[in-house]
Amino acid sequence: MPTTTIVYVGLGSNLSKPRLQVSNAAKAIANIENSRVCALSSLYLSKPMGPQDQDDYINAVISIETSLSALALLDALQAIENAAGRVRKDNRWGARILDCDILLYGNESIDNARLTVPHYGMKLREFVLLPLAEIATNLYLPDGTSVNTIANEINSNGMVKL
Ligand code: ROI
């Protein structure tokens, strides 16, 4: 039995039928090799972070148990984003068909050219923290922060659980 790691992945979409994009992404993630889904949060309708002249987002968090390395998992997630029709351009704050972001990879801190884990913005994003706290009871970040604590403190910014 190889070593496995629990990974949390944030899902987001605000283009091309976002609810369908996010639920299709969850199905595609369930088919990643050497991995199984542990839990999928509710879907949430959130206000865009960044420019407001874009549609609201559908967000969710999914947890998986995997024996893939973080970079092999990143490859699989980027293949899912690309299959959804995502075009990688310089629009860090703009609308997108599908984001599948590795939030946490076990208790590891990773920082290389392709991947930073924990996800750099996760502590400040209600659309990450609230779905994460929904599926992860008593989770702590590698720096010791309690997810429940910061999820309870963050402004939900009008986010709606669907
Ligand atoms: N805003 C929301 N609400 N949800 C997202 O998933 C999301 N993703 C992004 C940016 C553009 C930062 N804004 C977002 O990449």
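**Group meeting: a strand, a ligand and a patch**

Okay, let's start with strand 5, residues 99-105: 6 of its 7 residues are buried, so the strand is largely enclosed by the rest of the structure. Quick reminder before I go on: this is a predicted model.

So who does strand 5 pair with? Strand 1, residues 5-13, is joined to strand 5 by 6 bridges, and the two run antiparallel. If you want one pair to click on, take Gly 10, whose bridge partner in strand 5 is Asp 101.

Right, on to the ligand. There are 13 residues around the ligand, and the ones that come nearest are Ser 46, Lys 47, Met 49, Tyr 57 and Asn 59. Now, which atoms do the polar contacts use? With Ser 46, an N or O atom in the side chain sits 2.8 Å from a nitrogen atom of the ligand. Lys 47 uses its backbone instead: an N or O atom there is 2.8 Å from a ligand nitrogen. Then there's Arg 96, where a polar side-chain atom is 3.3 Å from an oxygen atom of the ligand. And how much of the ligand does the protein cover? On its own the ligand has 350 Å² of accessible area, and the protein covers 95% of that.

Last stop, the surface. Leu 45, Val 160 and Leu 162 make a nonpolar patch of about 210 Å². Val 160 belongs to strand 8, residues 160-161. Is Val 160 buried, partly exposed or exposed? Partly exposed, because its relative accessible area is 39%, and the cut-offs here are under 20% for buried and over 50% for exposed.

That's my tour, folks.

Technical notes:
Residues numbered from 1 in each chain as written. Predicted model: local features only at pLDDT ≥ 70, side-chain atom pairs only at ≥ 80, totals over all residues. Heavy atoms only, no water. Patch = residues over 30% accessible without salt bridge, like charges linked within 9 Å, V, L, I, M, F, W, Y side chains within 5 Å. Areas by Shrake-Rupley, 256 points an atom, 1.4 Å probe, with all protein chains shown as cover. Salt bridge = Lys/Arg side-chain N within 4 Å of Asp/Glu carboxyl O. Helix = DSSP H or I, 4+ residues; strand = E, 2+ residues; numbered from the N terminus. Buried < 20%, exposed > 50% of the residue type's maximum accessible area, 1.4 Å probe, protein only. Pairing = 2+ DSSP bridges. Near = heavy atom within 4 Å. Polar contact = N/O pair within 3.5 Å; in protein donor to acceptor, adjacent residues only side chain to side chain.
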